[in-house]
Amino acid sequence: MRRRTHLAWLGSLAGLGVRAQTAPPPELAQALPGARLQGQQRFRVWGFEVYDARLWTLPGFSATGYAQHALALELNYLRELKGQAIAERSLKEMRGVGSVPAELEPRWLAQMQQLLPDVRKGERLLGVQRPDEGAFFWFNGQPRGELRDAQFARLFFGIWLSPQTSEPALRQALLGGVP
C-alpha cells in the first residue's frame, strides 16, 4: 500500500511537470553554497496553477527554527501576475503568520513592490533568507535587491514555512517531512 501511494505521488509530480531536478540554480550555488533540495510542490488557488515552489536548505535545517537558518525559496511561475499584487498578497499572508508592526507595513510594502516584479509563465523568483540579515532576491538568475530586516525575512518566509501558514499542505511538502 505504501509503495503504491509513493508511486502515485511520483506519477502525479511527473504529470504536473514538477521537476525532479536536484541541482540548485546557478545564483543559489553562489548565494547559499551547499544548499540541497528539501521539498517541492505545485501551488494552486481555486484550481488555477500559480507556481512550482522549491525549498533549498543547508544540512542541520530545522523546520521549527526556520528563521534561524539560511535557506532559499524558489518560485517558478505558471501564470502572469502583477508584482504589486504579489507584494500586497505577501503582506496579507505575513500578517497571518505573525505580528507585522503597523509602522513598518508601508515601508515593507513599498520595498516588496520594488523587489517583486511582474511575472509571466516560465519566469523564476528566488528569495534567500540569511538569519539576522534579511532577505535577498533574484529574478530569472539576476540580482533583484534585498531587504535587510530579519523580522521581515522571518515573516516573509513564514508565508510558506510557519506553522501558521494559510497553506499547511504546501508547507509540509516543502519541508519534505522534516520535523
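**Entry 1: Gln114**

I started with Gln114, which lies in helix H4. I am working from a predicted model. Is Gln114 buried or exposed? Gln114 has a relative accessible area of 61%. That is over 50%, so I noted Gln114 as exposed. Next I looked up a distance from Gln114. Its C-alpha atom and that of Gln84 are separated by 8.6 Å. Along the chain, the two residues are 30 apart.

**Entry 2: Confidence**

I checked how far the prediction can be trusted. The mean pLDDT of the protein is 88. A pLDDT of 70 or more is reached by 87% of its residues. Where does pLDDT stay under 50? I found that stretch at residues 1–20. For residues 1–20 the model has 14 contacts beyond four places in sequence.

**Entry 3: The overall layout**

I then listed the elements. The protein has six helices and six strands. I read their order from the N terminus on as α-α-β-β-β-α-α-β-β-β-α-α. The protein has 179 residues, and buried residues make up 46% of them. I also looked up how contacts spread along the sequence. I took those between residues at least 6 apart. Of these, 59% join residues at least 24 apart.

**Entry 4: Leu175**

I went to helix H6, which covers residues 168–175. Leu175 is found there. Is Leu175 buried or exposed? Its relative accessible area is 1%. The cut-off for buried is under 20%, so Leu175 counts as buried. Which residues does Leu175 touch, not counting those up to four places away in sequence? I noted Gln38, Leu55, Phe61, Ala63 and Leu161. I looked up one more distance here. The C-alpha atoms of Leu175 and Gln41 are separated by 10.0 Å. Leu175 and Gln41 are 134 residues apart along the chain.

**Entry 5: Aromatic rings**

I searched the whole structure for aromatic pairs and found seven. One of them joins Trp108 and Phe152, with ring centres 5.4 Å apart. Why is this pair edge-to-face? Its planes stand at 75 degrees, and over 60 counts as edge-to-face, so the label follows. I placed Trp108 in helix H4, residues 105–115. Phe152 lies in helix H5, residues 150–161. The pair therefore ties together parts that are 44 residues apart in sequence. Both Trp108 and Phe152 are buried.

I followed Phe152 to a second partner, Phe156. Their rings are 5.5 Å apart, centre to centre. The angle between the planes is 20 degrees, and this pair is stacked. Phe152 and Phe156 both lie in helix H5. They are four residues apart, about one turn of the helix. Phe156 is buried, like Phe152.

Which residues form the aromatic cluster? I listed Trp108, Phe137, Phe152, Phe156, Phe157 and Trp160.

I also looked for a charge over a ring. Arg130 lies over the face of Phe136. The distance to the ring centre is 4.3 Å.

**Entry 6: The largest pocket**

I turned to the pockets. The largest pocket holds about 660 Å³ of space. How many residues line the largest pocket? I noted 30. Which of them lie nearest its centre? They are Phe43, Val45, Val50, Tyr51 and Arg89. I then looked up which elements give two or more residues to this lining. Strands S1 (36–45), S2 (48–57), S3 (71–77) and S4 (124–130) do. Helix H3 (83–97) and H5 are also on that list. H3 gives the most, with five residues.

**Entry 7: Two loop residues with positive phi**

I closed with backbone angles. Asp132 is not a glycine, yet its phi is positive, near 65 degrees. I found Asp132 in the loop between S4 and strand S5 (134–139). Is Asp132 buried or exposed? Its relative accessible area is 73%, so Asp132 is exposed.

Asn140 is not a glycine either, and its phi is positive at about 50 degrees. Where is Asn140 found? I located Asn140 in the loop between S5 and strand S6 (142–147). Its relative accessibility is 33%. That falls between 20% and 50%, so Asn140 counts as partly exposed.

Terms used:
Residues are numbered from 1 along each chain as its sequence is written. This is a predicted model: local features need pLDDT of at least 70, side-chain atom pairs count only at pLDDT 80 or more; totals for chains, interfaces and linings use all residues. Side-chain values use heavy atoms; hydrogens and water are left out. Rings of Phe, Tyr and Trp (its six-membered ring) pair if their centres lie within 6.5 Å; planes under 30 degrees apart count as stacked, over 60 as edge-to-face and the rest as tilted. Buried means under 20% relative accessible area, exposed over 50%, partly exposed in between (1.4 Å probe, protein chains only). A charge sits over a ring if NZ of Lys or CZ of Arg is within 6 Å of the ring centre and within 35 degrees of the ring normal. pLDDT is the predictor's confidence in each residue, from 0 to 100. Contact means heavy atoms within 4.5 Å. On a 1 Å grid over the protein atoms alone, a cavity is a set of points where a 1.4 Å probe fits but cannot get out, and a pocket is an open set with protein on both sides within 12 Å along at least five of seven lines; lining residues have an atom within 4 Å of a point. Grid points are joined across faces, edges and corners, and a volume is the space filled by probe spheres set on the points.
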